Amino acid sequence: MPWRPRRRLPRPVSRRPVSRRSVSRRSAVAVLACGLLAIATGACGLIIARHTGRAAVPVGRPTLIPVPRGDAAPVPRPSDGEAVARPASLIIPAIGVRTSLVRLGLTSSGALQVPASTAVAGWYTFSPRPGAIGSSVIAGHIDSLTGPGIFFRLRLMRPGERVYVRRTDGSLAVFRVTARHMYLKADFPTMAVYGPVPTPQLRLITCGGTFDPATGHYLSNVIVFATLIR
Amino acid sequence: MRRRTRIARRASAARTGWITRLAGVPRPGGVARPARLAAVLGLALGLIGLAAPAASAAASASAAGSAAGSAAAPAGTHLGWLRLAHLSPNTPAVDVYLYSFGDPSAMIVLKHVTYGTVSGYQAVPSGEYTVAMRGAGAPAGSKPVLSTTVNVVAGKAYTVAGMGPASGLRLQILKDALVTPPGKALVRIIQASLQEHKVTVTAAGKTLARGLPFAAVTAYQAVSPGTWNVHVAGPTESADQRIALAAGTIHTLVVLDDPGRLTIDNLMDAAGSRLLPAGAAATGLGGTAAVPGSSPLPWLVTLAAGLLVSCAGVTLLRRSRAGRA
């Protein structure tokens with residue numbers, strides 16, 4: 001039986017009809033059942049929610065890489081142009097990176113080509129050679145589909161750390177990190193990375209920030225800026 | 001019995017007081033139980049209804065917050081660049097001193113700088129600097145032959161060049177370009193030949209300078225990239241040199257007197273990538289990324305609402321039992 005209209009207030013409390021009580025009981029049971037159902041649903045949901053998702057792989061400790069030795073090629077004079085050899089390998093003891101360098105160009109859509117393997121880094125061949133005047137660009141993956149890539153720990157680099165590039169003639173270009181920044185890919189600083197600079201510099205690029213499973217891409221790029229010291 | 005009912009009701013009212021307070025309903029007496037029950041149910045349903053959008057809004061808000069935090073300051077620091085040049089043909093070698101303005105100790109000293117010498121760029125904090133020239137070997141404390149001040153702006157590059165004849169030597173501050181038009185190279189000419197008072201420079205099918213007088217500098221000009229034959233012609237002499245001008249590079253060509261002939265010094269002012277990639281780099285596949293689980297918040301709210309509703313149900317049940325007894 002439905003609730004009586006409230007217009008009948010005030011009503012004498014003592015003279016409530018018996019039928020009202022039976023309605024109360026039935027509805028009370030219904031309310032209790034609803035409540036218990038909601039509790040069960042919430043609990044199940046919580047358990048399921050706990051088991052979805054995955055924590056990021058911890059960065060851990062890098063493998064020990066010795067500081068490379070060898071003759072540093074002379075810092076180019078302003079009139080030397082591209083008088084330095086091509087880069088062959090990259091060594092970053094601070095984050096345990098030692099890799100050969102593949103050649104990178106542009107994709108058909110005009111974006112930066114990335115190494116086919118996540119275990120090596122690549123030099124963007126349309127950028128100046130490392131150690132020559134200008135901003136040389138090296139890119140590598142933060143991870144593969146299953147685990148860490150060559151630049152997994154790039155986001156940990158700090159100003160002052162050293163980056164070594166061995167060139168095909170055996171000479172070494174030594175860079176000092178000046179800055180590390182993370183940029184949303186939507187706000188990628190094209191000119192700061194690829195634009196002209198007056199001294200020999202290096203940019204190391206990888207991904208970072210939030211990973212979007214829907215697109216399969218990270219939302220940000222981590223970029224390390226370094227300058228030649230010898 | 002009536003009395004007992006009233007007492008029981010009062011007790012249950014005390015127990016359900018927190019619910020009614022939560023529901024914003026006045027304590028019993030004034031409002032009927034159906035209203036209270038409706039309010040509690042409404043609150044519970046409302047909470048459940050609100051939970052999902054609120055949770056997702058909170059998640060997206062935190063994501064946006066971290067994203068905004070990651071879009072940090074640009075890579076540019078407070079540094080600018082400065083280089084020094086000796087481009088006065090009949091001025092003997094000099095020592096060039098660079099002072100931070102007001103600081104008597106020299107930041108940089110270039111000893112025995114001869115005609116035609118251009119230093120590499122030095123990164124210096126932005127601010128005022130004094131460039132002083134003394135004769136080669138002159139004491140550092142002696143009065144400079146020539147000095148000038150230059151204001152270095154962060155992210156900009158400057159050339160401070162000793163120009164002109166020895167009799168009229170001056171320190172000229174040149175602002176150096178650091179941006180090229182897309183797909184082009186930039187070139188400018190410094191005329192530092194005293195033998196050939198005026199020169200005409202052609203390259204890449206265009207005239208870069210026509211009748212450029214001694215100690216003058218052209219503005220930068222955009223040139224199609226390529227390896228070009230640069231031809232310099234004065235009234236009596238000329239010179240040719242093949243020079244590679246890549247896209248994204250900036251050059252200063254200095255016309256110099258070599259004993260008895262003209263030469264061209266190709267200075268690389270700055271270099272960037274020949275082709276600028278579009279957008280960002282796709283350098284990650286997500287194998288180490290955190291994958292967010294579904295938020296527990298809606299479930300927690302459902303649970304809490306269920307508890308509330310159950311409490312209300314238990315209360316109503318007791319009251320109805322009490323009423324029947």
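This is a short dialogue on reading the fold and one sheet of a predicted model.

Reader: Let's start with chain A. What does its secondary structure come to?

Author: Begin by listing the elements, then look at their order. Chain A has two helices and eight strands. Going from the N terminus, that reads α-β-β-β-β-β-β-α-β-β, so to speak a string you can follow along the chain in the viewer.

Reader: And how much of chain A counts as buried?

Author: Here a residue is called buried under 20% relative accessible area. By that cut-off, 50% of the 230 residues in chain A are buried. You can look at the outside too: the accessible surface of chain A is about 11,100 Å², and carbon and sulfur atoms contribute 58% of that area.

Reader: What share of the contacts in chain A links residues 24 or more positions apart?

Author: For this one, set aside pairs close in sequence and count the rest. Among contacts in chain A with a separation of 6 or more, 60% are between residues 24 or more positions apart.

Reader: Over to chain B. In what order do the strands of its open sheet lie?

Author: Read a sheet from edge to edge, not along the sequence. In chain B the four strands go β3-β2-β5-β6, with antiparallel pairing. The edges are β3 (106–113) and β6 (146–152) of chain B, each pairing on one side only. From one strand to the next, the twist averages 20°.

Reader: How many bridges join β2 to β3 in chain B?

Author: Five, between β3(B) and the antiparallel β2 of chain B, residues 94–100. To find the register, pick out B:Val96: its bridge partner in β3(B) is B:Leu110.

Conventions: Residues numbered from 1 in each chain as written. Chains lettered and ligands numbered in written order. Predicted model: local features only at pLDDT ≥ 70, side-chain atom pairs only at ≥ 80, totals over all residues. Heavy atoms only, no water. Buried < 20%, exposed > 50% of the residue type's maximum accessible area, 1.4 Å probe, protein only. Contact = heavy atoms within 4.5 Å. Areas by Shrake-Rupley, 256 points an atom, 1.4 Å probe, with all protein chains shown as cover. Pairing = 2+ DSSP bridges. Axes fitted to C-alpha atoms, helices over the stretch in contact; angles between N-to-C directions.
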